[in-house]
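User: I am new to this structure and would love a close look at one part of it. Could you pick a single element and walk me through how it sits among its surroundings?

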Amino acid sequence: MRFSSAVTDKPGLDGLREIARSCLDALGEGRLDLGILFFHPSYTPDIETLAAELEDAGLTSLVGSSGGGIVETSGEFETTPAASLIVGRLPGCYTEVFSIDGDEASPFPVLPKNSVQAAIVFADPFSANTQAYIEQLETAYPFVMTVGGLASGTLLGGARHSQEP
């Protein structure tokens, strides 16, 4: 497995492209299995464009969330809009990206139980019953490692994005 990460406080699509290029250059040519992007809500208008460009560059799964504070190896950005991206190559792994609408009765895709080893959860506390989804995840896929957190860009709920291949 190989990963690369980058952070920017440069505004707009130029900043997002800068961190994408940094990650892609560090990893070189080839399939990229997972990208995780955290961004200040001010970047929201450019997220779809970045997602399409990353997919064109070979990224198969992108997840992320807006947030008021952004962290990366180089530090924390609480008072300045910023975006951080980590991209990884996961040989032999399969990733499935999906989002859950609060009205769905069965929110998870049907996958063979032995194929699911980990789950990353981004929950918006303003629009989802996180505890109920975690319990459903545990029932559907017992013994799966789950990590994540509450992610929202504003007090009224934040932008969420998932890019499916």
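Analyst: Happy to, and let's take helix 1. Please keep in mind that this is a predicted model. With 16 residues at 1.5 Å each, helix 1 should span 22 Å, and its end C-alpha atoms lie 24 Å apart, which agrees.

Next, look at which way its residues face. Buried in helix 1 are G12, L13, G15, L16, I19, A20, C23, L24 and L27. Viewed down the helix axis, these buried residues fall within an arc of 165 degrees, so they line one face of helix 1. On the other side of the helix, D14 and D25 are exposed.

What lies over the buried residues? The cover includes strand 1 (2–8), strand 2, helix 2 and strand 6.

Helix 1 also has a part in the largest nonpolar core, a group of 20 residues. L16 and I19 are among the residues with the most contacts inside this core, along with L37, L54, L62, L85 and V87. At least two core residues come from each of helix 1 (12–27), strand 2 (34–39), helix 2 (44–56) and strand 6 (83–89). Helix 1 gives the largest share, 6 residues. In soluble globular proteins, nonpolar side chains tend to be buried together.

V87 makes a good example of the links to helix 1. Apart from neighbours within four places in sequence, its contacts include C23 and L27, as well as R2, F3 and L59.

Finally, follow the chain past the end of the helix: G28 comes after helix 1, and its phi is positive, near 75 degrees.

Conventions
Residues numbered from 1 in each chain as written. Predicted model: local features only at pLDDT ≥ 70, side-chain atom pairs only at ≥ 80, totals over all residues. Heavy atoms only, no water. Core = buried A, V, L, I, M, F, W, Y, C linked by side-chain atoms within 4.5 Å. Buried < 20%, exposed > 50% of the residue type's maximum accessible area, 1.4 Å probe, protein only. Helix = DSSP H or I, 4+ residues; strand = E, 2+ residues; numbered from the N terminus. Contact = heavy atoms within 4.5 Å. Expected span 1.5 Å × (residues − 1). Arc of directions from axis to C-beta.
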